[in-house]
Amino acid sequence: MNYDKGYFDSPEFRETLKRYEQAVRLNTTPYLGVDELIDLFSYFISIDKGEDAEDILSIAKRLHPGTPESIKIEIRLLLYRGEAQAAKQLFSSLKYTEESETKLLKAEILLSLKEYKQARDIAIELLSNAENDGNNTYEALEILLDCGFSHEALFICEKLLHASPKQKSLIEVKAECLIELQRTDEAIAIYNKLLDEEPYNTFYWEQLGHIYYMVKRYGKALECFEYEITINDEIEYAKMMQAYCYYNLRDYKRAREVFGAISEKYPDSTMPLFYIALSFYHEGKKNIARTIFSDITTIAQEGTIEMMLARINKAIIQDETGETPRADEAMAMAILMHPDNMKQLILRDRNLYELRDKENLTFDDMNLLEAKEWSPSEELYQLGEHLIKNKHLILAKRVFRYTREFYSDTSDIDAYIAYILWNTGEKDKIEAAVENALEGKSCILFELFDIPYNSNIMTKEFIRLITEKG
């Protein structure tokens, strides 16, 4: 397997790809060597074309049945699909050897199983072997990076570069290390230098664009992705990122056009539909947005963050358009059927929630998500605060009352409930909530009602003060 990202732009690989695509058009099976099939498989995985990668596996099984290479392709396809346990089981059918490629594959499986220390140990072993070739060194460093050992990977990379300063695969890994460490100016400088030498290298344009995107320089990111599309308009990742850039630059019409084209090609994908709905909403077309979010709930799988966020956004729009009882029902369903991982509820820059994946996260997003271990109750609490901030008080009450059951100290939640009741025509029902908030020394209660903190104030006195305040 050729791990040099620029290899996919090389005449040698493009000729192999051309032969394969011609055979597909003619509905024939081309004879391809196992190395060529591995390269084609790696290419389709790199551009997120899983169905084409499956076709390559089928050809490999027909042309080279039972070979270790065909089995390794199948293992990599299982890893791509997120089926790490199945990949581990299939790997056990291989005759394990001490060769570097087999060790690397084992490390990838361990990485997918989140067994980071074991994966790291294999990578370090390979890197300590002086006879390793460039590809194995590159992959071992990538394993270290993916396991979260960015500082260690950078240290080893710089040591190797001292001996081989012009080895591009090492320069590429160094740039990736710098990105992981958020040393973005240094990474940008590396990619600009590489592009001076190879101006048509789509991987470098893509990496540069992604750095700019992560630091929210969306105009520069857009320029990079559009260069990439100009060089090769078949790279769907670049088109998706182009659409994200348009959305973040508030060019909602062009965002909808690109997301629309992607949605037509992948009608079962919720991501482009989600951003089409968001774009309509920001253009003031709330009813269209609500309809699309409703459509997403018929496509998305139950118990996923896509389903939950679609229901939340639908509820918010219904609340804004005077359908608060129906909005409350939608919110009830969203929180009742919530997924285990709701971290995206923490990312709440705008009124509606945006669907995120690893590609459209910024450094600000990543830092927030990784700031601590977020529990489901904390994630739901964040949703309640978001709804309060955007004046969706009835929906917030639903969320806080549900979340309250999971907290031992409910004083801050009771403070929010008191505030909601006071501002939604139920002032006569706030006494219990105020009392609980005061007993728990909730600062939030005083902040919400804009009253100086007083640790000794009694419930009736607090209510008298806020009544007089109006």
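## Exercises on salt bridges and a buried leucine

The side chains of Lys 253 and Glu 257 come together in a salt bridge, with 2.8 Å from N to O. This is a predicted model, and the exercises below start from that pair.

**Exercise 1.** Work out how Lys 253 and Glu 257 are placed along their helix, and whether each is buried, partly exposed or exposed.

*Solution.* Start with the helix: Lys 253 and Glu 257 both belong to helix α15 (residues 252-265). Because they are four residues apart there, about one helical turn separates them. Next, look at accessibility. Partly exposed covers the range between under 20% and over 50%. Lys 253 has 49% relative accessibility, so it counts as partly exposed. Glu 257 has 47%, so it is partly exposed as well. Salt bridges with shared partners also join Lys 117, Arg 120, Asp 121 and Glu 152 into one network.

**Exercise 2.** Describe the salt bridge between Glu 186 and Arg 183, and classify both residues by accessibility.

*Solution.* First, find the contact between the two side chains: the N to O distance is 2.8 Å. Then take each residue in turn. Glu 186 has a relative accessibility of 38%, so it is partly exposed. Arg 183 has a relative accessible area of 33%, so it is also partly exposed.

**Exercise 3.** Find which helices the salt bridge between Glu 108 and Arg 76 connects, and say whether the two residues are buried or exposed.

*Solution.* Begin with the bridge: the side chains of Glu 108 and Arg 76 meet at 2.7 Å, N to O. This pair ties together distant parts of the chain, 32 residues apart. Glu 108 sits in helix α6 (residues 100-112), while Arg 76 sits in helix α4 (residues 68-80). Finally, check the surroundings: both Glu 108 and Arg 76 are buried. To put the bridges into context, the model's salt bridges come to a count of 36.

**Exercise 4.** Place Leu 393 in its helix, decide whether it is buried or exposed, and list its contacts beyond four places in sequence.

*Solution.* Step one is the helix: Leu 393 lies in α22, which covers residues 393-403. Step two is accessibility. The cut-off for buried is under 20%. Leu 393 has a relative accessible area of 13%, so it is buried. Step three is the contacts: with neighbours within four places in sequence set aside, Leu 393 touches Ile 388, Tyr 419, Ile 420, Asn 423 and Thr 424. As a last check on distance, the C-alpha atoms of Leu 393 and Tyr 353 are 17 Å apart, and the two residues are 40 residues apart along the chain.

Conventions. Residues are numbered from 1 along each chain as its sequence is written. This is a predicted model: local features need pLDDT of at least 70, side-chain atom pairs count only at pLDDT 80 or more; totals for chains, interfaces and linings use all residues. Side-chain values use heavy atoms; hydrogens and water are left out. Buried means under 20% relative accessible area, exposed over 50%, partly exposed in between (1.4 Å probe, protein chains only). Contact means heavy atoms within 4.5 Å. A salt bridge is a side-chain nitrogen of Lys or Arg within 4 Å of a carboxyl oxygen of Asp or Glu.
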